[in-house]
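Q: Please take a close look at the site around the ligand. I would also like the account to go on from there to other local features of the chain.

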Amino acid sequence: MDIILLGPPGAGKGTQASRLEDEHGMVQLSTGDMLRAAVKAGTEVGLKAKALMDAGELVPDEVVSGIIGDKLDDLGAGASVIFDGYPRTAAQAVALDEILANRDRALDHVVELEVDEDALVERIVGRFTCGNCGEGYHDTFKQPAKADVCDACGASQFKRRPDDNEETVRTRMKEYRAKTEPILPIYEARGIVKKVDGMGSMDDVSNAIESALSLD
Ligand code: AMP
């Protein structure tokens, strides 16, 4: 089963994708994570992407579609994939159809996380993760039980994404509304869009996604 998780920045796509990985053995393909890894490694893709990411603008379509195709080839035919943060433009949606068809794959579902945009800015600007294990935290909603110590692994180094500041978040939201939201009708016309309320607790959202996908 191949699915897209669609929703604005901070809608919880990454959190829900990693839950689907843990609970259902699916594989999360996050173009944002791949680009951040490329920036960190200083590759050619990373060098091209960095300034755009820091500004909250989109990286060129052919760059992200190229890395998605490569990742699918690495994974092989057996994996069930969650596309997280891709496609983000009409051109990427067209490219994804081609990438999948060339590998005898097809999209089964598009899960749209419906969220309140004003609440998202607060969600994003306060979030941080453990620098060691990646456990997610939030200034207001989820502080570590013991100050400055990760609940999951005991490490005491935390990090914040450089693009999680208010100004960049507003640009990312604008990009979403202008370029990503307009691709929904492509999938609605195919009858594969499932709308899920993304404003509940993480567990409620997970349960709603599982039932939308008919997963046990
Ligand atoms: P994300 O982690 O999904 O919020 O992505 C972080 C940043 O990476 C975005 O603001 C874009 O600059 C870039 N990015 C990630 N995925 C894509 C994509 N599919 N198309 C273009 N840019 C992307």
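A: The account below begins with the ligand and then turns to individual helices and loops.

The model is predicted, so local features are reported only where pLDDT is at least 70 and side-chain atom pairs only at pLDDT 80 or more, while totals for chains, interfaces and linings use all residues. Residues are numbered from 1 along each chain as its sequence is written, and side-chain values use heavy atoms, with hydrogens and water left out.

The ligand is surrounded by 16 residues, of which T31, R36, E57, G85 and Q92 come nearest; a residue is near a molecule if one of its heavy atoms lies within 4 Å of it. By class, this shell holds six nonpolar, four polar and six charged residues. Here Ala, Val, Leu, Ile, Met, Phe, Trp, Tyr, Cys and Pro count as nonpolar, Asp, Glu, Lys and Arg as charged, and the others, Gly among them, as polar. Helix α2, residues 31-41, supplies the largest share of the shell, four residues. Helices (H or I, at least four residues) and strands (E, at least two) are DSSP runs, numbered from the N terminus.

Polar side-chain atoms approach the ligand at several places. One belonging to R36 lies 2.9 Å from a ligand oxygen atom, and one belonging to R161 lies 3.1 Å from an oxygen atom of the ligand. For Q92, an N or O atom of the side chain is 2.9 Å from a nitrogen atom of the ligand. On its own the ligand has 480 Å² of accessible area, and the protein covers 96% of it; accessible areas come from the Shrake-Rupley method with a 1.4 Å probe, and for residues only the protein chains shown count as cover.

Q92 also appears in the surroundings of S65, a residue of helix α4 (residues 61-75). Leaving out residues up to four places away in sequence, S65 touches Q92, Y86, A95 and I99, where contact means heavy atoms within 4.5 Å. S65 is buried because its relative accessible area is 11%; buried means under 20%, exposed over 50%, and partly exposed in between, with a 1.4 Å probe and protein chains only. Y86 is itself joined to P87 by a cis peptide bond, with omega about 0 degrees. P87 is found in the loop between β3 (81-84) and α5 (90-101).

The loop that runs between α5 and β4 (109-114) contains D104. Phi of D104 is near 55 degrees, a positive value in a residue other than glycine. D104 has a relative accessibility of 77% and therefore counts as exposed. S214, in the segment after α9 (202-212), likewise has a positive phi, near 55 degrees. With 65% relative accessibility, S214 counts as exposed.

Helix α6 (residues 117-125) has L120, V121 and I124 as its buried residues. These lie on the same side of α6, because they cover an arc of only 105 degrees around the axis, the arc being that of the directions from the helix axis to the C-beta atoms. An α-helix has 3.6 residues a turn, so residues three or four places apart point the same way. The cover over the buried residues of α6 includes β5 (127-130) and α7 (166-180). At the start of α6, a side-chain oxygen of D116 comes within 3.2 Å of the backbone nitrogen of D118.

Helix α7 contains T168, which counts as buried because its relative accessibility is 6%. The side chain of T168 reaches the backbone oxygen of D54 at 3.5 Å. Apart from residues up to four places away in sequence, T168 touches M53, D54, A55, G56 and D163. R170 lies in α7 as well, but its relative accessibility of 42% makes it partly exposed.

Helix α8 (residues 184-188) includes E188, which is partly exposed because its relative accessible area is 38%. Beyond its neighbours within four places in sequence, E188 is in contact with V193 and K195. The side chains of E188 and K195 are joined by a polar contact of 3.2 Å, a polar contact being a pair of N or O atoms within 3.5 Å; within protein, one must be able to donate a hydrogen and the other to accept it, and residues adjacent in sequence count only if both atoms are side-chain atoms. E188 and V110 are 78 residues apart along the chain, with their C-alpha atoms separated by 8.8 Å.
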